[in-house]
Amino acid sequence: MLFELVRLLRDHQESYVDRLVSRIASALPAYARMEGVELRESVAGFTAELIQAVETGDAGKLTQRLIENSQSRVNQGLSLAEYMRALFLAPGVCREMLREIGPKNDPNAAKAFSALEEKLHEITALAADIYTETAARQLRAKNLELNRLNQALEAREKALQAEGVKVSRALASANEFNSRVIQSLSSGVLVVDHATRKLTLYSQRMEGIFDLPAEEVLGKEGPEAFARIKGIDHALIIKTVQATGRFPLTKLSLTSAQGRKRTVFVRAQRMYGPDGEIEGTVFVADDVTERELLIDSFSRYVSRDLVTRLLSRSGEPLGLEGERRTCTVLFADIRGFTGIAEHLPPEALHRLLNDYLHVMVESIVEQGGFIDKFVGDKVMALFTGPRSDADSAHAAIEAARAILVRIAAQNASRVGGGERPIEVGIGINTGPVVVGNVGDEARMDFTAIGDAVNVADRLQSLAKGAEILVGGMTASLVQGKVAFEDRGAQQVKGRAAPVPVHAVRPQVGG
């Protein structure tokens with residue numbers, strides 16, 4: 001009769017597995033968290049081995065199944081109680097199903113069921129022993145691993161302590177070295193603490209720039225520390241650093257604590273700690289007073305671009321190298337200057353030239369150009385640099401217009417004083433040139449060389465008084481911005497091919 005009950009269980013094995021899986025998942029949250037497929041496969045495999053063990057009396061495969069299950073459940077962190085509760089559900093579900101599908105009121109069936117329950121309880125006890133031994137074995141392994149890790153940690157702690165001593169010594173040495181480096185920098189350095197907003201570092205070079213000793217500023221907030229310095233907008237600097245984390249490189253004209261005029265480049269950057277927290281703000285200042293005086297002084301004699309290049313060489317002599325670039329070239333000349341000079345005393349001629357060249361320089365520089373050279377009354381100017389070719393061409397034309405407006409104003413004054421007016425012709429052309437030095441190592445000139453330069457000079461020769469003539473590339477670059485009168489292609493001196501010529505139309509109201 002026992003085997004008939006087992007056969008019934010085998011015939012309804014799928015239903016038994018479904019019911020047992022449902023009971024386990026609803027009764028035990030630990031099993032409910034498992035993947036449904038995994039739980040069902042585990043229960044189905046256990047049920048199949050259980051039925052075979054009861055039928056054959058050989059529990060070998062069932063034992064192996066229980067060993068594998070116990071290892072999986074221990075690894076998943078299930079306790080023995082949770083595991084046993086799941087096992088104890090199996091006989092109950094079996095009894096429930098067999099009462100539904102088995103014979104009714106049969107004394108032999110009752111005895112057979114009691115025998116089946118006894119076997120199920122034996123298997124449950126076997127499963128408990130296997131799980132306990134598995135958990136104990138894994139616990140022993142974990143204890144051994146923990147002991148090994150503790151020993152490794154102790155060794156590592158000793159090594160770290162020794163390393164910490166070395167690092168502390170190295171850090172102290174590095175701090176001392178960094179302090180010496182900061183004090184030796186040509187730039188002044190100061191640090192403002194983020195929390196207190198007070199100065200915590202103030203280099204020796206900064207003392208010289210501001211004419212303030214460290215003992216007067218350390219431990220104070222910026223506005224208080226530098227109250228005697230004129231030309232620092234403390235509110236703007238603080239607001240900028242708070243908003244962006246930095247203060248961009250800015251040129252300031254200062255008056256130091258001792259009343260000395262200084263030109264200083266100042267910049268600032270947030271300083272962050274190892275965990276990304278703001279520790280403070282580092283300020284760096286460079287005194288460029290002498291450099292600015294050099295640029296201002298020598299720019300009166302040569303182009304500012306050349307002075308900047310010379311000062312950027314850091315002691316290296318400027319050679320005869322050249323740089324190819326697209327450039328807009330402007331030439332301007334007084335019409336009939338020889339005849340004017342013939343009838344003027346040297347003092348009046350000198351005054352006329354100074355007035356005229358002042359107009360040239362002012363009009364060209366305010367449009368971003370620079371004077372390449374003066375040849376008597378002829379002026380050569382270049383428009384180039386980081387801006388676009390179209391912007392350079394437009395700036396040259398605007399400079400030419402400004403020249404004519406200012407010359408007209410000068411002429412009104414000259415005529416009112418009984419002097420002869422002057423007329424200026426201007427030629428402008430754009431094209432590839434080589435910008436650099438020409439001459440000899442002992443005496444050189446910074447200029448632009450190329451066909452575009454020659455064409456600009458020839459256009460100037462063609463221009464009448466108060467007229468601006470431009471070449472084809474210049475006209476195309478400013479198309480839509482400037483109105484022209486097309487003069488067609490004209491032959492110019494020293495050039496085989498004719499040159500397209502465009503006359504700039506006067507501005508409305510100009």
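Which residue's side chain does a polar contact of 3.4 Å join to the side chain of Arg262? Keep that question open while you get an overview of the model, which is predicted.

**The whole protein**

Show the full chain as a cartoon. The protein has 510 residues, and 38% of them are buried. Its fold contains 18 helices and 13 strands. Now switch on the surface. The accessible surface is about 28,500 Å², and carbon and sulfur atoms account for 54% of that. Contacts also run between parts that are far apart in sequence: among contacts with a separation of 6 or more, 59% are between residues 24 or more positions apart.

**Stop 1: Arg262**

Select residues 261–272, which form strand β4, and find Arg262 in that strand. Show its side chain. Is Arg262 buried or exposed? Arg262 counts as buried because its relative accessibility is 16%, and the cut-off for buried is under 20%.

Next, add Asp211. This residue answers the opening question: the side chains of Arg262 and Asp211 are joined by a polar contact of 3.4 Å. Add Gly208 as well. The Arg262 side chain reaches the backbone oxygen of Gly208 at 3.2 Å.

Then select Asp287. A salt bridge links the side chains of Arg262 and Asp287, with N and O 3.9 Å apart. The pair connects distant parts of the chain, since Arg262 is in strand β4 and Asp287 is in strand β5 (residues 278–287), 25 residues apart. Asp287 is partly exposed, at 24% relative accessible area.

To see the surroundings, display the residues that Arg262 touches, leaving out those up to four places away in sequence; including Asp211 and Asp287, they also take in Ile209, Leu252, Ser253, Leu254, Ser256 and Thr289.

**Stop 2: helix α4**

Select residues 36–56, the 21 residues of helix α4. Use the distance tool on the C-alpha atoms at the two ends. They are 30 Å apart, which agrees with the 30 Å expected at 1.5 Å a residue.

Colour the buried residues of α4: Leu39, Ser42, Val43, Gly45, Phe46, Thr47, Glu49, Leu50, Ile51, Ala53 and Val54. While you look along the helix, keep one general point in mind. An α-helix has 3.6 residues a turn, so residues three or four places apart point the same way.

Move on to Gly57, just after α4. Gly57 has a positive phi of about 75°.

**Stop 3: Gln460**

Go to helix α17, residues 451–462, and pick out Gln460. Gln460 is buried, with a relative accessible area of 2%. What does the side chain of Gln460 make a polar contact with? The partner is the side chain of Arg335, at 2.3 Å. Arg335 is one of the residues that Gln460 touches beyond four places in sequence; the others are Phe331, Ala332, Asp333, Lys378, Gly425, Ile426 and Gly427.

Keep Asp333 on screen and add Val375, which lies in strand β7 (residues 370–375). The C-alpha atoms of Val375 and Asp333 are separated by 9.4 Å, although the two residues are 42 residues apart along the chain. Val375 is partly exposed, at 49% relative accessibility.

**Stop 4: a patch on the surface**

Select Val361, Val365 and Phe374. These residues form a nonpolar patch on the surface, and together they have about 230 Å² of accessible area. Val361 is in helix α15, residues 346–365. With a relative accessible area of 32%, Val361 is partly exposed.

**Stop 5: more salt bridges**

The whole structure has 24 salt bridges. Start with Glu419 and Arg351, whose closest N and O atoms are 3.6 Å apart. Glu419 is in the loop between α16 (389–416) and β9 (424–440) and Arg351 is in helix α15, so this salt bridge ties together parts 68 residues apart in sequence. Both residues are partly exposed: Glu419 has a relative accessible area of 33%, and Arg351 is at 45%.

Next select Arg19, Arg23, Glu96 and Glu100. Salt bridges with shared partners join these residues into one network.

End the tour at Arg140 and Glu133. Their side chains meet in a salt bridge of 3.4 Å, N to O. Arg140 is partly exposed, with a relative accessible area of 45%, and Glu133 is also partly exposed, at 40%.

Conventions
Residues are numbered from 1 along each chain as its sequence is written. This is a predicted model: local features need pLDDT of at least 70, side-chain atom pairs count only at pLDDT 80 or more; totals for chains, interfaces and linings use all residues. Side-chain values use heavy atoms; hydrogens and water are left out. Helices (H or I, at least four residues) and strands (E, at least two) are DSSP runs, numbered from the N terminus. The expected span of a helix is 1.5 Å times one less than its number of residues. Buried means under 20% relative accessible area, exposed over 50%, partly exposed in between (1.4 Å probe, protein chains only). A polar contact is a pair of N or O atoms within 3.5 Å; within protein, one must be able to donate a hydrogen and the other to accept it, and residues adjacent in sequence count only if both atoms are side-chain atoms. Contact means heavy atoms within 4.5 Å. Patches are made of residues with over 30% relative accessible area and no salt bridge: like charges are joined within 9 Å, nonpolar side chains (Val, Leu, Ile, Met, Phe, Trp, Tyr) within 5 Å. Accessible areas come from the Shrake-Rupley method with a 1.4 Å probe; for residues, only the protein chains shown count as cover. A salt bridge is a side-chain nitrogen of Lys or Arg within 4 Å of a carboxyl oxygen of Asp or Glu.
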